[in-house]
Amino acid sequence: MGKKKPDDWLHKEVLEGETKVLLHACCAPCSGAILECMLKEGLEPVIFYSNSNIYPSEEYTIRRDECRRWAETNGVGFVEDEYDHGTWNTAVASGLEDCPERGPRCLQCFRFRLRRAAAYAHEQGYHVLTTTLASSRWKSLEQIDQAGFEACEGFDDVRWWSQNWRKGGLQQRRSEIIREQDFYNQLYCGCEFSMR
């Protein structure tokens, strides 16, 4: 087998010819370079904003509005999932409140959000799902992939696009877009436990 070229970091084979992608997005800063990259690759992403983890609700609103602004700037669809922090808290935090970042609470959080994204993808006819969570150096790619694959297992028609969105120059471009767009750039992951 030949050597991979430097630009082979983007694992498009999972798309199997699909151009429409449901992009679970956590925030505008993490979405910036990914959305730009997808559009340059001829893909048709739609942002699915499912983030019941974010606390307080005022913080949720600020992050949602910034993400929506970036979607509109790029002519990309934006779908907002129901914000239900109480249900998220019950599903995720019970007994895991004191776990560190990248611990079992984070895995549960990814599962909660990506299950909702996979269900939406199935209902609306999207066959590929990925997430901007995989752009953050503060997140475990292994946990994100585990949650993503598990979320899509229940739907024969939805594939998980496992992609390290930190590669291909996207980390640098992410920082540039944050400055260019003057994005609100949060100082904690989102839940009350990560505020510590």
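# Talking through a predicted model

Reader: Before I start, what kind of model am I looking at here?
Author: This is a predicted model, and the values I give you are computed from it.

Reader: Okay, where does Gln163 sit?
Author: Gln163 is found in the loop that runs between strand S5, residues 159–160, and helix H6, residues 170–181.

Reader: And is Gln163 buried or exposed?
Author: Gln163 has a relative accessible area of 4%, and because anything under 20% counts as buried, Gln163 is buried.

Reader: So what does the side chain of Gln163 reach?
Author: The side chain of Gln163 reaches the backbone nitrogen of His11 at 2.8 Å. If we leave aside neighbours within four places in sequence, Gln163 is in contact with Trp9, Leu10, His11, Thr130 and Ala134.

Reader: Switching to Asn51, which elements is its loop between?
Author: The loop holding Asn51 lies between strand S2, residues 44–49, and helix H2, residues 57–73. Asn51 is buried, with a relative accessible area of 2%, and, not counting residues up to four places away in sequence, Asn51 touches His24, Ala25, Cys26, Tyr60, Tyr83 and Arg113.

Reader: What about strand S2 itself, where does Val46 come in?
Author: Val46 lies in strand S2 and is buried, with a relative accessible area of 14%. The C-alpha atoms of Val46 and Leu23 are separated by 5.8 Å, although these two residues are 23 residues apart along the chain. Apart from its neighbours within four places in sequence, Val46 has contacts that include Val21, Leu22, Leu23, Phe78 and Tyr126.

Reader: New topic: how many cavities of 30 Å³ or more are there in the whole structure?
Author: A search of the whole structure finds one, and its volume is about 70 Å³.

Reader: Which residues line that cavity?
Author: Its lining includes Asn53, Trp88, Glu101, Lys139 and Ser194, as well as Arg113, a residue that Asn51 also touches. The lining residues divide into six nonpolar, two polar and four charged.

Reader: Which helix gives the largest share of that lining?
Author: The largest share, five residues, comes from helix H4, which covers residues 104–124.

Reader: How far does H4 reach, and what comes just after H4?
Author: From its first C-alpha to its last, H4 reaches 30 Å with 21 residues, which is close to the 30 Å expected at 1.5 Å a residue. Just after H4, Gly125 takes a positive phi of about 85°.

Methods:
Residues are numbered from 1 along each chain as its sequence is written. This is a predicted model: local features need pLDDT of at least 70, side-chain atom pairs count only at pLDDT 80 or more; totals for chains, interfaces and linings use all residues. Side-chain values use heavy atoms; hydrogens and water are left out. Helices (H or I, at least four residues) and strands (E, at least two) are DSSP runs, numbered from the N terminus. Buried means under 20% relative accessible area, exposed over 50%, partly exposed in between (1.4 Å probe, protein chains only). A polar contact is a pair of N or O atoms within 3.5 Å; within protein, one must be able to donate a hydrogen and the other to accept it, and residues adjacent in sequence count only if both atoms are side-chain atoms. Contact means heavy atoms within 4.5 Å. On a 1 Å grid over the protein atoms alone, a cavity is a set of points where a 1.4 Å probe fits but cannot get out, and a pocket is an open set with protein on both sides within 12 Å along at least five of seven lines; lining residues have an atom within 4 Å of a point. Grid points are joined across faces, edges and corners, and a volume is the space filled by probe spheres set on the points. Ala, Val, Leu, Ile, Met, Phe, Trp, Tyr, Cys and Pro count as nonpolar, Asp, Glu, Lys and Arg as charged, and the others, Gly among them, as polar. The expected span of a helix is 1.5 Å times one less than its number of residues.
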